[in-house]
Amino acid sequence: MIVCKSQAELEKMHHAGLVIWEVLNDLRAMVRPGVSTKELDEYAERRTAELKVRPAFKNYRGYPATLCTSINSEVVHGIPSKSRRLEEGDIISLDFGVEHAGYYGDAAVTVPVGEISPELKKLLQVTREALDMAIDKVRVGNRLSDISAAVQGWVEGKNGFSVVRDLCGHGIGTHIHEEPNVLNYGDPGRGPRLQEGMVFAVEPMVNMGGPEVRVLDDEWTTVTADGTKSAHFEHTIAVTSNGPWVLTRPREMQGPSW
Ligand code: MF3
Ligand code: CO
């Protein structure tokens, strides 16, 4: 069952979402060669406390940090560490979720460290554009797999990168992960019809090479099987009668999602 949220519930999720947006933007500005992923995590943890919300990831199934920091061939769920310092030319995905008054938000952005190669710039752009196209499908009357097909069509059909199959987006609300799974691949026109009040965390994970991934011995860090680089962008989006409402950014913001 997909739980539909009331306007009052969506406002709570938007409160969580605005904290996430603010912190991710601060972190994006902190990204530069020499910074450790632990420093980024500590900043997220401090701001989470100051803004009086609760980190959604810390202790979730034993996850040990506030932030996920995934560098280069790491796809998602990289664990912050004081020995891991960013280097010029890296890309880093910052994934962050919080809970406010019982309601969750979840978002991610992949950021260049200094100057990156043209191929990597394209990887980031295509992944962000896939999210933009997916957001545009979050409309009353569309089918769930219209979101999935938009991502895959842009990433694989038009740009020759791969979407990860083993991980997906999700419903979100009073839990960080709710029904349904939001796949990043598939034919359009399948699955439930989207209704007002449904909320999805849509999160394309895009590899430069093949779609396969594996999990490292730390039991969290998910990396590409072929060692190619990977990008990840995510927003929490509500279905409304006025179209998609991106809860993890200011309401008046227009244009590209990140
Ligand atoms: N954005 C990720 C997700 O939707 C973050 C989960 S990390 C975890 O699954 F530690 F909380 F698992
Ligand atoms: Co998510």
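A contact, in what follows, means that heavy atoms lie within 4.5 Å of each other. The structure is a predicted model, in which local features need pLDDT of at least 70 and side-chain atom pairs count only at pLDDT 80 or more, while totals for chains, interfaces and linings use all residues. Residues are numbered from 1 along each chain as its sequence is written, chains are lettered from A and ligands numbered from 1 in the order in which they are written, and side-chain values use heavy atoms, with hydrogens and water left out.

**Exercise 1. Contacts of Val35**

Task: State where Val35 lies, whether it is buried or exposed, and which residues it touches.

Solution. Begin with the secondary structure, where helices (H or I, at least four residues) and strands (E, at least two) are DSSP runs numbered from the N terminus. Val35 lies in the loop between H1 and helix H2 (37-50). Next, take the relative accessible area, for which buried means under 20%, exposed over 50% and partly exposed in between, with a 1.4 Å probe and protein chains only. Val35 has a value of 3% and is therefore buried. Leaving aside residues up to four places away in sequence, Val35 touches Met30, Leu40, Arg84, Arg85 and Leu86. As a last step, compare sequence with space: Val35 and Val113 are 78 residues apart in sequence, and their C-alpha atoms are 9.9 Å apart.

**Exercise 2. Overall form**

Task: Describe the content of secondary structure, the compactness and the long-range contacts of the protein.

Solution. Count the elements: the protein has four helices and 15 strands. The radius of gyration, taken over C-alpha atoms, is compared with the globule rule, which is 2.2 Å times the number of residues to the power 0.38. The radius is 17 Å and the rule gives 18 Å for 258 residues, so the protein is as compact as a globular protein of that length. Along the principal axes, the C-alpha atoms fill a box of roughly 45 × 45 × 35 Å. Of the 258 residues, 54% count as buried, and among contacts between residues at least 6 apart in sequence, 71% join residues at least 24 apart.

**Exercise 3. Two helices**

Task: Compare the end-to-end reach of H1 and of H3 with the expected span, and list buried residues of each.

Solution. The expected span of a helix is 1.5 Å times one less than its number of residues. Helix H1 (residues 7-30) has 24 residues and should span 34 Å, which agrees with the 34 Å between its end C-alpha atoms. Helix H3 (residues 118-135) has 18 residues and reaches 26 Å from its first C-alpha to its last, close to the 26 Å expected. Turning to burial, the buried residues of H1 include Leu10, Met13, His14, Val19 and Leu27. Those of H3 include Leu120 and Leu123, and also Arg128 and Glu129.

**Exercise 4. Strands S7, S8 and S9**

Task: Locate Gly169, Pro180 and Phe200, and say what is found at each.

Solution. Gly169 is found in strand S7 and is buried, with a relative accessible area of 0%. Outside its sequence neighbours up to four places away, Gly169 touches Pro180, Asn181, Val182, Ala201 and Glu203. Pro180 itself belongs to strand S8 (residues 178-182), and the peptide bond that leads to it from Glu179 is cis, with omega near 0°. Phe200 sits in strand S9 (residues 199-202) and is likewise buried, its relative accessible area being 0%.

**Exercise 5. Loop residues**

Task: For Asn59, His77 and Asp166, give the loop and the exposure, and for Asn59 and His77 also the sign of phi.

Solution. Asn59 lies in the loop between strand S1 (54-55) and strand S2 (67-71); its phi is near 75°, a positive value in a residue other than glycine, and Asn59 is exposed at 64% relative accessible area. His77 lies in the loop between strand S3 (74-76) and strand S4 (91-100), where it has a positive phi of about 65° although it is not a glycine, and His77 is partly exposed at 24%. Asp166 is placed in the loop between strand S6 (162-163) and strand S7 (169-171), and it is exposed at 60%. The C-alpha atoms of Asp166 and Arg214 are separated by 9.1 Å, although the two residues are 48 apart along the chain.
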